[in-house]
Amino acid sequence: MDHFTMKNGILHAEDVPLPAIAEAVGTPVYVYSQATLERHARVFREGLGALDDPLIVFAVKANPNLAVLRVLQREGFGADVVSGGELRRALAAGMVPDKIIFSGVGKTRAELELGLDTGIAQFNIESREEGRELAELAHARGERARCALRINPDVDAGTHEKISTGKADNKFGVPLHRAADAFAELAALDGLALEGLAIHIGSQLADLTPLETAFEKVGRLLGDLRASGHTITRVDLGGGIGVPYRAGESYPSPADYGAMVARVTRDWGVQLAFEPGRVIAGNAGVLLTRVVRVKSGLSSPFLIVDAAMNDLARPALYGAWHDFEPVAATDQRMTANIVGPICETGDTFATDRDCPALVAGDLAVFRTAGAYGATMASSYNSRGFVAEVLVSGSDFAVVADRIDAGAIMDAERVPEWLG
Ligand SMILES: Cc1ncc(COP(=O)(O)O)c(C=O)c1O
Ligand SMILES: N[C@@H](CCCC[NH3+])C(=O)O
């Protein structure tokens with residue numbers, strides 16, 4: 001459930017009519033609902049109700065907007081970060097180091113140092129090489145870095161290949177068959193306090209079965225490691241639960257997920273950590289856009305909107321579907337190619353889509369844009385970065401300013417020799 005609903009024929013975010021936001025901020029603009037974020041955070045936490053003291057860290061990559069992070073921090077969430085930038089954003093949003101987990105295959109020396117400086121709860125080590133480097137850095141400071149070893153369980157998550165992370169040929173984690181050796185080597189290093197395992201098999205998972213298979217593999221490894229005398233106090237089960245992108249689709253609920261986790265991990269005797277991203281933020285945001293014009297096409301007309309692939313990359317990148325709805329209710333329908341203004345054919349949101357009949361100037365939204373939306377934006381075609389708004393009740397605030405098309409960034413300069 002979200003808080004984007006039709007009231008008197010106009011789509012609202014909570015109590016704010018979307019035309020009011022378009023009027024005040026312009027379009028395109030991402031609109032997030034605080035009530036939906038809070039609700040999703042609570043439903044997720046309640047879904048894990050059977051577990052003892054789980055650590056829930058929001059996958060910042062899904063939506064790193066400071067205001068969004070702040071809402072989740074107030075809900076007790078920590079942060080799963082994958083770069084120094086995300087780590088700094090999590091801290092700026094008030095997340096405490098004890099609830100920060102640092103994942104990612106390519107953490108640089110500087111990023112490992114930043115994690116150590118911050119005193120984060122856990123580094124998820126993705127290779128022996130990374131573990132050795134972290135151990136050396138921590139040892140030189142007279143410290144032991146708290147960490148977990150990320151395992152690649154070779155499980156097909158059944159999701160889009162570009163967002164699958166747990167198959168043997170994916171770059172993530174240490175292959176299961178080498179995990180015990182890697183764990184033994186790294187656990188013996190002075191600079192590491194290696195007392196955890198981590199796993200994340202992919203994103204937008206429609207089914208719990210691959211997760212269950214992967215968790216069972218982790219459970220067996222946990223038993224083997226303990227039998228070899230290792231101490232394991234935390235297992236990080238990652239994120240990945242999918243969300244409906246089309247009205248009427250059904251996905252596993254946090255309660256279903258929590259029940260499965262409770263069953264599989266019943267005898268593990270560890271603290272569990274979770275890294276949800278999309279399931280918290282996905283349906284808490286829409287991308288509000290205005291129709292620029294309708295152009296006749298060979299078969300279907302082109303509905304040209306002012307949002308583009310630089311604002312919402314998922315359709316161009318993964319062929320992803322986002323429901324498209326009018327802001328002012330209409331019973332009239334049309335079949336259209338919904339496209340943005342960018343100069344490549346890939347700038348297509350939908351082909352031959354049955355959608356509301358709209359004309360130039362009308363407002364519409366792409367739904368389920370709160371995760372992997374603004375964060376994947378670029379300035380392609382010098383369109384600048386899209387604005388973001390957070391709604392709470394009948395209030396709204398701009399939480400990221402638009403960078404106007406054609407703006408010259410502070411970081412840019414022309415070398416002297418060009419005069
Ligand atoms: C390590 C890790 N944790 C958590 C997530 C969050 O995934 P999701 O947004 O699907 O919950 C991702 C992205 O897939 C990830 O790579
Ligand atoms: N960017 C992807 C999700 C990536 C998940 C990150 N591990 C998407 O929009 O679906």
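## Briefing: helix H2, two domains and two ligand shells

Helix H2 buries Gln 34, Thr 36, Leu 37, His 40, Ala 41, Phe 44 and Gly 47. Keep in mind that this is a predicted model. The protein chain splits into domain 1 (4–31 + 282–400) and domain 2 (34–279), and both domains feed residues into the largest nonpolar core.

**Helix H2**

- H2 covers residues 34–47, so we're talking about 14 residues, with 20 Å between its first C-alpha and its last. That's close to the 20 Å you'd expect at 1.5 Å a residue.
- What do the buried residues of H2 pack against? On the strand side, the partners are E4 (29–33), E5 (55–59) and E20 (387–392).
- The helices they pack against are H3 (66–74), H9 (254–264) and H10 (278–281).

**How the two domains meet**

- The C-alpha centres of domain 1 and domain 2 sit 32 Å apart.
- Each side chips in equally to the contact: 21 residues from domain 1 and 21 residues from domain 2.
- On the domain 1 side, the elements giving two or more residues are E20 and strand E21 (395–400). E20 supplies the largest share there, with 4 residues.
- Sorted by class, that same side of domain 1 comes out as 11 nonpolar, 7 polar and 3 charged residues.

**The nonpolar core**

- As a rule of thumb, nonpolar side chains in soluble globular proteins tend to be buried together.
- Here, the largest nonpolar core runs to 115 residues. Val 31, Ile 100, Leu 149, Leu 197 and Val 389 have the most contacts inside it.
- Why does this core lie between domain 1 and domain 2? It lies there because both domains give residues to it.
- Val 31 is worth a click: skipping its neighbours within four places in sequence, it touches Ala 13, Leu 18, Ile 21, Gly 285, Val 286, Leu 288, Val 389 and Val 391. One of those partners, Val 389, is also among the core residues with the most contacts.

**Ligand shells**

- Ligand 1 has 16 residues around it, and the ones that come nearest are Ala 59, Ser 203, Gly 239, Gly 277 and Arg 278.
- By class, the ligand 1 shell breaks down into 5 nonpolar, 8 polar and 3 charged residues.
- Which residues surround ligand 2? They are Lys 61, Ile 163, Ser 203, Gln 204, Arg 314 and Tyr 372.
- The ligand 2 shell is an even split, with 2 nonpolar, 2 polar and 2 charged residues.
- Ser 203 turns up in both places: it is among the nearest residues to ligand 1, and it also belongs to the set around ligand 2.

Methods: Residues numbered from 1 in each chain as written. Chains lettered and ligands numbered in written order. Predicted model: local features only at pLDDT ≥ 70, side-chain atom pairs only at ≥ 80, totals over all residues. Expected span 1.5 Å × (residues − 1). Buried ≥ 20, exposed ≤ 12 C-beta atoms within 10 Å, placed from the backbone. Contact = placed C-beta atoms within 7 Å. Domains from an automatic or database assignment. Nonpolar A, V, L, I, M, F, W, Y, C, P; charged D, E, K, R; others polar. Core = buried A, V, L, I, M, F, W, Y, C linked by C-beta atoms within 7 Å. Near = placed C-beta within 6 Å.
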